[in-house]
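Trainee: Please take me through one part of this fold up close, and tell me how its pieces fit together. I'd like the terms explained as you go.

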Amino acid sequence: MGRREVLECMTWAGTGVLWAINGGVPHSVGLIGEALAAEPTGFTFLQMSDSHIGFDKAGDPDALGTLREAVAKVKAMPVKPSFIIHTGDITHLSKPAEFDNADKVFGETGVPIHWVPGEHDISTKRAARPIWKRYGKGVQGRGLVRLRR
């Protein structure tokens, strides 16, 4: 598979990158194949993105199953990251059941998680309210996103 095909697939299936910081310099550590055998040293955190729970079309007909596979990889890591940051699109349609399913599966990691909502998580002003109640506890001010009326 070429670079273009890998990048195209990542837009459908989501991504995950383990970041290691040694001496203040960040570098990424892959999560596929032999990369799991290389134990990172120093401070690490895992970046995940675009889970799109609720999506069921070509490209990823079982987004929840895909997330379960990703979480299994996190659970199998010999050294757990200090935390996970999920950078957008936890859900596909901002439905409460989609957030519930994501919470249940992500909770299996045993790692603290920080959330940055994506456009699919706050598709309307009405849809934005539940995500802030769920993931915005302790946030000061109006948050990072301001929806236009």
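Mentor: Let's start with a bit of ruler work: the expected span of a helix is 1.5 Å times one less than its number of residues. Helices (H or I, at least four residues) and strands (E, at least two) are DSSP runs, numbered from the N terminus. Keep in mind that this is a predicted model, where local features need pLDDT of at least 70 and side-chain atom pairs count only at pLDDT 80 or more, while totals for chains, interfaces and linings use all residues. Residues are numbered from 1 along each chain as its sequence is written, and side-chain values use heavy atoms, with hydrogens and water left out.

Now try the ruler on helix 2, residues 63–76: at 1.5 Å a residue its 14 residues should span 20 Å, and that agrees with its end C-alpha atoms, because they are 20 Å apart. Some of helix 2 is buried (under 20% relative accessible area; exposed is over 50%, partly exposed in between, with a 1.4 Å probe and protein chains only). Its buried residues are Ala63, Leu64, Gly65, Leu67, Val71 and Val74. They pack against strand 3 (43–49), strand 4 (84–87) and helix 3 (96–107), where contact means heavy atoms within 4.5 Å.

So what do the strands do? Two strands pair if DSSP finds at least two bridges between them. Strands 3 and 4 run parallel, joined by three bridges, and Gln47 has Ile85 as its bridge partner in strand 4. Strand 4 also pairs with strand 5 (residues 113–116), again in the parallel sense, over four bridges; here Ile84 is matched with Ile113 in strand 5. Look at the two faces of strand 4, too: Ile84 and His86 are on the covered one, Ile85 and Thr87 on the uncovered one.

Next, handedness. A crossover is right-handed if, with the strands pointing away from the viewer, the path from the first strand over the helix to the second runs clockwise. Strand 3, helix 2 and strand 4 make a right-handed β-α-β unit. The chain then crosses from strand 4 through helix 3 to strand 5, in another β-α-β crossover that is right-handed.

Last stop: Thr91, in the loop between strand 4 and helix 3. Thr91 counts as buried because its relative accessibility is 0%. Leaving out residues up to four places away in sequence, Thr91 touches His52, Ile53, Glu98, Phe99, His120 and Asp121.
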